[in-house]
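Hi,

Here is the structure I promised to pass on. Have a look at it first, then read my notes below.

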Amino acid sequence: QRLGCHAVKQVLALPQKVDGTASRAVLHVARPERLRDKRLHAFVVVHHKSQRGELARAMKLQRIKPVCISGFFVAGPDEPIPASDRAMPDERIIVHLHGGAYWMGTANEKSPSAAFCRDLLRRLEGEKGMPQRAFLVEYRLARHGDYEHGSYPAALLDAFVAYLYLIRTCGFRPENIILSGDSSGGNLALALCRYLRDEGVENVPGSLLLLSPWCDVSRSHSGPLPAPNPFSTTVLNNQSDVITASLLYRNSAVCPLLGRLPASETYKNPYISPVSLQLDAQSGVYPPHWGFCGFPRHVFINTGRAELNSEQHVTLAHRMAEGTVSGVPQYSGDCDYSEDRAHNMSWRDQFPRTKGWVSRHDSHVQRHACDQRPLENRRVVLDEAIDGVHIYPFFLWFEPERSDTLDRIAAWIRAL
C-alpha cells in the first residue's frame, strides 16, 4: 500500500521575551524515499507576538515551548499525492486533528484518522473544485508528570503553527480549508478557531467538521461523579458507548492535559471547555452568540445518540446556531429535535449550577442584557445516528450508519 505522505518537521527558535522581533520557523518537508528521493525546505517567518493572549498566558504557566512535530498529506485510495506541498490555484484541503483524549492517538498514514480522510476523499475523487487531499497534524500528546511536554496549550500551539504553515508556506487560503477533528481533535479545532478569531493572526478556516467533539472537559453536563445528573447522557448511555465515564479514564486524560493548571480551568476556560455550563459571562459566553461570534461560516457536527457526550454535541450545535440568522441548526440524519426545544438546548436550564455562578451570571446579564452584535450567516448542521457510538464513522463494522454519514458529509462539502 502506498504510504503517500509528507513528513513535516518544524523547528522554531523563538525568543523567550515578547520584544516584537521576528523568528524563523524552518519546516523540513521530506517525502518518503519510496515516493521521491528529494528533500524540500520551506521557510516561514513567525513573529513572537503572534503568540499572545490565551496561548501566551498558558505557555508561560505551563512552561511550554515549541518543538519539532510532524504532519502528513494523504489522498484518496486511487489518487496520487501531489509532488509538491504547495497549493494549486484555489485548491481546497481538509486539515484533520486526530482524537485520543489528548494523551494517545496519532496522525500517521496508517492511523484511523488517515483512513477516515481517505474514505471521505474517495467520495469526492475527480469532482471539480472538491478537496483531493488532506493534511493531518501530529501534535504533542500530554504526559503524566511531564507537564512541559504536552499539557495544554502544547497541542494548540502545534495546530496553530501547522495552520500557519499551510497558509503562509503552502499557499492555501483560509476560506478553502475544511478544519476537521474527532473527539479531542474536535476540541482542538474549536480552540484553534477561537484563537484565530481572538487574536486575528490569520482568518479562521472557511468550514469546520466536528466528529463527536470533546467540548465539555469539565463534565458540567453530567454533574459531579458522586451525584451525576440522572437525565445526563453520561448516565443514560453508560452501557452503550465504546468509551467509559470512569474516574480512571478521566484522570488518565484530564490531569495530564491540565498540567499545572487548576481544575477550575475546565469549567471557566472556553478554550478548554467551550460549552461548559459554568462558563462566566465575563468571558464573553452569553446569548445569543455564546462565545462563537466570528467562527467559521459552515459547521457540521456529527454525534450518536448512544454516546456518553451526546448532550455536549447538541448544546454545541444549538449555541453555535443561536447567534445566526436561522437561530437553530439544520438537523440531519436521524436528528429529529423540534425547533421549539432549541432554546432549552442552548440554555440547558434543567442542569444545576452553583449559586455563585448563578449570581455572577444574572448580575452580568442584567448589566449588559444580551450580546448586541448582529446575527451571523453561519450555517450549522447537527447530524445524528440513533444508535451511533463515539466517533462511529471511524468503525468499519458500524454499517450502514458509517457509510451513510460519510455520504452526508461529502454532500455537505459539495454544497459549501
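Ala-411 sits in helix α12, residues 401–414 (helices are DSSP runs of H or I with at least four residues, strands are E runs of at least two, both numbered from the N terminus). With a relative accessibility of 40%, Ala-411 counts as partly exposed (buried is under 20% relative accessible area, exposed over 50%, partly exposed in between, using a 1.4 Å probe and protein chains only). Its C-alpha is 9.1 Å from that of Leu-124, although Ala-411 and Leu-124 are 287 residues apart in sequence.

Before you go further: this is a predicted model, where local features need pLDDT of at least 70 and side-chain atom pairs count only at pLDDT 80 or more, while totals for chains, interfaces and linings use all residues. Residues are numbered from 1 along each chain as its sequence is written, and side-chain values use heavy atoms, with hydrogens and water left out.

Now the interior. The largest nonpolar core (buried Ala, Val, Leu, Ile, Met, Phe, Trp, Tyr and Cys residues joined through side-chain atoms within 4.5 Å) holds 74 residues, and Leu-208, Ile-301, Leu-316 and Met-320 have the most contacts inside it. Helix α4 (residues 154–169) supplies the largest share of this core, 13 residues. Apart from that core lies another, of 25 residues, including Val-74 and Ala-410.

Helix α4 also packs on helix α5 (residues 184–199), at an angle of about 65 degrees and with the axes 10 Å apart (axes are lines fitted to C-alpha atoms, for helices over the stretch in contact, and angles run from 0 to 180 degrees between N-to-C directions). So α4 is roughly perpendicular to α5, a label that covers 65 to 115 degrees. Among the residues that meet there (contact means heavy atoms within 4.5 Å) are Phe-160 and Tyr-163 from α4, and Leu-188 and Tyr-195 from α5.

A few backbone oddities to check. Most residues other than glycine have a negative phi, and most peptide bonds are trans. Tyr-152 and Pro-153 are joined by a cis peptide bond, omega about 10 degrees, and Pro-153 is in the loop between α3 (147–150) and α4. The bond from Glu-399 to Pro-400 is cis too, with omega near 5 degrees; Pro-400 lies in the loop between β11 (379–385) and α12. Ala-101 has a positive phi, near 60 degrees, and is buried at 4% relative accessibility. Trp-290 has a positive phi as well, near 55 degrees, and is buried with a relative accessible area of 4%.

Cheers

Conventions:
Angles under 35 degrees count as roughly parallel, over 145 as roughly antiparallel, 65 to 115 as roughly perpendicular and the rest as oblique.
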